[in-house]
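Hi,

Here is the structure I promised to pass on. Have a look at it first, and my notes come right after.

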Amino acid sequence: MIAFIAFFIFLFETFLTILKVKKINFVILSVLIANIFLLFGLIIGLVLALGYSGIIDIDITNYLKTHVFTVLIGYVGITIMGMSLVLLPMFWLSHGFSWIYVKIAISLLTFGIVLITLSSIFRNIFLEYVGYFFNIFALILYFYQIFIIYKKRVRIELDIYFKSMFFSYLSLIVSIVLSIIYMTNPNEKLLLAIFWLVFAGFISFIIIGHLYKILPFLVWFDRFSSLVGKKKVPMLADMIPVRSAKFQFVFSTLGVVIIGFSIILNLDILLKSGISFLLVGTLFLVKDIFYMINFKE
């Protein structure tokens, strides 16, 4: 209970901070929308907890669906979309394109989640499927925006960041296709595979890709920025262990894919193999993080 109160205070402070901003751009607006969905998701989570404990009588399935959409799609999804407005053009050095597609995507995604929430409250199947349609169309527009950013990039090098982003968005596309299949043919194994791809494929590789970009910059800024103009300092690219990063990417992607197939096919030997690959990839990632943190001339 104390954790929930602390989290509510954190959200309240976040809203106050945003309100103090004199000029609210679309990135800040997306963060605000995402945190509003997180707030509602937290409230629904409390209601679910009361329902599971038997204190109140609710339709747990409907509330659980709303909780997943408000937190996973509303908070995580819109946060990633909003942050990509800043990070992708910065790391790919992309210029001269319109943001119209991602702005429409975030608007449609917001509207779609609201419709799905209302469908759970009023038990209206029409609102639910309209909400699904808006969500899928929003993701298609978002992917098109990513493609435009990629085409407008100045940096051609296919580095670890690009590879991680490619696998991340590929995992999301596959999970969307599987979600459409799940809507027509509900299957528990398929649902588990969808969540695995979203968390281990999409979200994890977005985090991993940005670690290889942000961590070297932070170390460089702290350790070498004051030496610029006085002596030769390393480039950011010099701080990334390229060979080790390639091994990390190969083993991690193989682990995610093999575990995904093992969930669908229910093969224990594949699951153990995938975990082994994922473990090796994780060890390479930890090694690379320590290398970048402790980098010296």
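Below is what turned up when I went through it. Keep in mind that this is a predicted model.

Let's start with the inside. The largest nonpolar core has 55 residues, and L88, W92, Y142, M165, Y169, F202 and Y212 have the most contacts inside it. Helices 2 (26-53), 3, 4, 5 (125-151), 6 (160-184), 7 (188-223), 8 (242-265) and 9 each give two or more residues to this core. Helix 7 gives the most, with 12 residues. Another core, of 6 residues, lies apart from this one, and V219, W220, F224 and M239 are among its members.

If you want one core residue to click on, try F202: leaving out residues up to four places away in sequence, F202 touches I80, S168, Y169, S171, L172 and L197.

Next, a helix pair. Helix 3 (residues 60-92) and helix 4 (residues 100-122) pack at about 170°, and their axes are 10 Å apart. Angles over 145 degrees count as roughly antiparallel, so that is how these two helices run relative to each other. On the helix 3 side the contact includes F69, I73, G74 and I78, and on the helix 4 side I106, L109, I113 and T117 are among the residues involved. By class, this contact has 10 nonpolar, 9 polar and 1 charged residues.

Last, an acidic residue to look at: D288 sits in helix 9 (residues 268-293). Is D288 buried or exposed? D288 is buried, because its relative accessible area is 0%, and the cut-off for buried is under 20%. Beyond its neighbours within four places in sequence, D288 is in contact with Y212, P241, S244, A245 and Q248. Y212 is also on the list of best-connected residues in the largest core.

Cheers

Terms used: Residues numbered from 1 in each chain as written. Predicted model: local features only at pLDDT ≥ 70, side-chain atom pairs only at ≥ 80, totals over all residues. Heavy atoms only, no water. Axes fitted to C-alpha atoms, helices over the stretch in contact; angles between N-to-C directions. Helix = DSSP H or I, 4+ residues; strand = E, 2+ residues; numbered from the N terminus. Parallel < 35°, antiparallel > 145°, perpendicular 65-115°, else oblique. Contact = heavy atoms within 4.5 Å. Nonpolar A, V, L, I, M, F, W, Y, C, P; charged D, E, K, R; others polar. Buried < 20%, exposed > 50% of the residue type's maximum accessible area, 1.4 Å probe, protein only. Core = buried A, V, L, I, M, F, W, Y, C linked by side-chain atoms within 4.5 Å.
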